[in-house]
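Work through the exercises below with the model open. Try each task before reading its solution.

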Amino acid sequence: MNVLQRLNRTGILLTSLLLLGGCGIPATPVDMIKAPASASRPQRDNMSQELMRLLPDQAQLVVPMQGEQGQDISFGDLDGDGINEAVVVYEENGTSGKALKAALFKQQDNTWRIVSEIKGFGYGLEYAGFPDINHDGRMELALGWSLGAAGNGLDIYEWNNEQLELVKKKEYHGKLDLE
């Protein structure tokens, strides 16, 4: 075997090893950094699935544009009993097109149930949460709806007599500030 054949075989062998070995550009440290996985994440995923089962078939969760990224469920103690309620905003396909809705869930004896449903409006969801807007020590439910070029609309609900009551509607533009 001459020198040229050996070099040729060595070249083929090295090329094969590089291709099979996954030679590539190593990841940068920034690409390797990820947020720590929350211990409550599996529990939250199970809860999300449980609440989804209570929604109508074909319901698609709507994630708010503002707030914590990836939070499709908002929690807060709306009725003051020390147990958080949950609100989920979803899109439902109906005979007249898509409709935005919000479902308020209450937990009793480790079982969730829908206690109220709200018809949304607009094109999407800007905000869903339980701030204490009027600073009376009780949380309200705030839903910010995207109205497109017209801006946004905010609906504020309070829990009165075992039901949600719309107490205020207002328009806003830009980022919502509930402070």
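The exercises cover nonpolar cores and salt bridges.

This is a predicted model, in which local features need pLDDT of at least 70, side-chain atom pairs count only at pLDDT 80 or more, and totals for chains, interfaces and linings use all residues. Residues are numbered from 1 along each chain as its sequence is written, and side-chain values use heavy atoms, with hydrogens and water left out.

**Exercise 1. The nonpolar cores**

Task: Find which members of the largest nonpolar core touch the most other members, and which strands supply at least two residues.

Solution:
- Start with the terms. A nonpolar core is a set of buried Ala, Val, Leu, Ile, Met, Phe, Trp, Tyr and Cys residues joined through side-chain atoms within 4.5 Å. Buried means under 20% relative accessible area, exposed over 50%, and partly exposed in between (1.4 Å probe, protein chains only).
- The largest core holds 17 residues; Val89, Leu141, Leu143 and Leu164 touch the most other members.
- Strands S3 (85-94), S4 (97-108), S6 (124-129), S7 (141-146) and S8 (152-160) each supply at least two residues of this core. Strands (E, at least two residues) are DSSP runs, numbered from the N terminus.
- A second, separate core has eleven residues, including Met47, Tyr90, Phe105 and Trp112.

**Exercise 2. Around Leu141**

Task: List what leucine 141 touches, not counting residues up to four places away in sequence.

Solution:
- Contact means heavy atoms within 4.5 Å.
- Leu141 touches Leu78, Val87, Ile118, Gly129, Phe130, Asp155, Ile156, Tyr157 and Leu164.

**Exercise 3. Salt bridges of Lys106**

Task: Trace the salt bridges that lysine 106 forms with aspartate 79 and with aspartate 81.

Solution:
- A salt bridge is a side-chain nitrogen of Lys or Arg within 4 Å of a carboxyl oxygen of Asp or Glu. The count comes to five.
- In the Lys106–Asp79 pair, the closest N and O atoms are 2.0 Å apart. Lys106 lies in strand S4 and Asp79 in the loop between S2 (73-76) and S3, 27 residues apart.
- Lys106 has 8% relative accessibility, so it counts as buried. Asp79, at 18%, also counts as buried.
- Asp81 pairs with Lys106 at 3.2 Å between the closest N and O atoms. Asp81 sits in the loop between S2 and S3, 25 residues from Lys106.
- Asp81 is partly exposed, at 40%.
- Shared partners join Asp79, Asp81, Glu85 and Lys106 into one network.

Methods:
Helices (H or I, at least four residues) and strands (E, at least two) are DSSP runs, numbered from the N terminus.
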